[in-house]
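Reader: I have a structure open on my screen and would like to talk through a few of its contacts. Could you walk me through them?

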Amino acid sequence: MITKAYEQLKTPKTLSEIHSRFNEIGIEWNESQIQLFLEMDKNIVNKNGLFSIVEGDLENKVLEVLDGLFKERPKIPISKILEGLTFTIGKAELLRIVEESDRYYTPNKVIISKK
């Protein structure tokens, strides 16, 4: 079922468009259920009310966002980074990506700093 849902999200769509498409392909969820799915799935982004799957892997997307945020700053609180993301990711996953990165680190699991 998830594969069918992702197929519909290859191009950006509004919530009502997704609801309509899901019903057409046999995923009979109401709009609240779809909204929850869209908000919880880390592979889905919301740009200006249009939902689509993340192109490329999550690690690269996170590092691209961090590169943009860190242009002139040496460190940023994790809470600020999570607020600025256009896709859903948990703090633990963000920390894992940062720790595996060769550009960033976290000294205390509260802020992220450049190496």
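Author: Happy to! A salt bridge here is a side-chain nitrogen of Lys or Arg within 4 Å of a carboxyl oxygen of Asp or Glu. Please keep in mind that this is a predicted model.

Reader: Thanks! How many salt bridges does a search of the whole structure find?

Author: The search covers the whole structure. With the 4 Å cut-off between nitrogen and carboxyl oxygen, the number of salt bridges found is 6.

Reader: What is the N to O distance in the salt bridge of Arg96 and Glu93?

Author: Both residues lie in helix 6, 3 residues apart, or about one turn of the helix. Their side chains meet in a salt bridge, and the N to O distance is 3.2 Å.

Reader: Which residue, 4 residues from Arg96 in helix 6, is separated from it by about one helical turn?

Author: Arg96 forms another salt bridge in which the closest N and O atoms are 3.0 Å apart. The partner has 58% relative accessibility and so counts as exposed, since the cut-off is over 50%. The residue is Glu100.

Reader: Which helix holds the Glu59 that pairs with Arg96?

Author: In this salt bridge, the closest N and O atoms of Arg96 and Glu59 are 2.7 Å apart. The pair links distant parts of the chain, 37 residues apart, with Arg96 in helix 6 (residues 91-100). Glu59 sits in helix 4 (residues 58-69).

Reader: Is Arg96 buried, partly exposed or exposed?

Author: Buried would need under 20% relative accessible area and exposed over 50%. Glu59, at 26%, falls in between and is partly exposed. Arg96 has 30% relative accessibility, so the class is again partly exposed.

Reader: Which residues do the shared salt bridges join into one network?

Author: Arg96 forms a salt bridge with Glu100, and Arg96 also pairs with Glu93 and with Glu59. Through shared partners, the network joins Glu59, Glu93, Arg96 and Glu100.

Reader: Moving on, how is helix 2 oriented relative to helix 3?

Author: The axes of helix 2 (residues 15-24) and helix 3 (residues 31-40) come within 10 Å and cross at roughly 110 degrees. Angles of 65 to 115 degrees count as roughly perpendicular. Helix 2 is therefore, relative to helix 3, roughly perpendicular.

Reader: How many nonpolar residues does the contact of helix 2 with helix 3 have?

Author: Residues of helix 2, including Ile18 and Phe22, meet residues of helix 3, among them Ile34 and Leu38. By class, the contact has 3 polar and 1 charged residues, and the nonpolar count is 6.

Conventions. Residues numbered from 1 in each chain as written. Predicted model: local features only at pLDDT ≥ 70, side-chain atom pairs only at ≥ 80, totals over all residues. Heavy atoms only, no water. Axes fitted to C-alpha atoms, helices over the stretch in contact; angles between N-to-C directions. Helix = DSSP H or I, 4+ residues; strand = E, 2+ residues; numbered from the N terminus. Parallel < 35°, antiparallel > 145°, perpendicular 65-115°, else oblique. Contact = heavy atoms within 4.5 Å. Nonpolar A, V, L, I, M, F, W, Y, C, P; charged D, E, K, R; others polar. Buried < 20%, exposed > 50% of the residue type's maximum accessible area, 1.4 Å probe, protein only.
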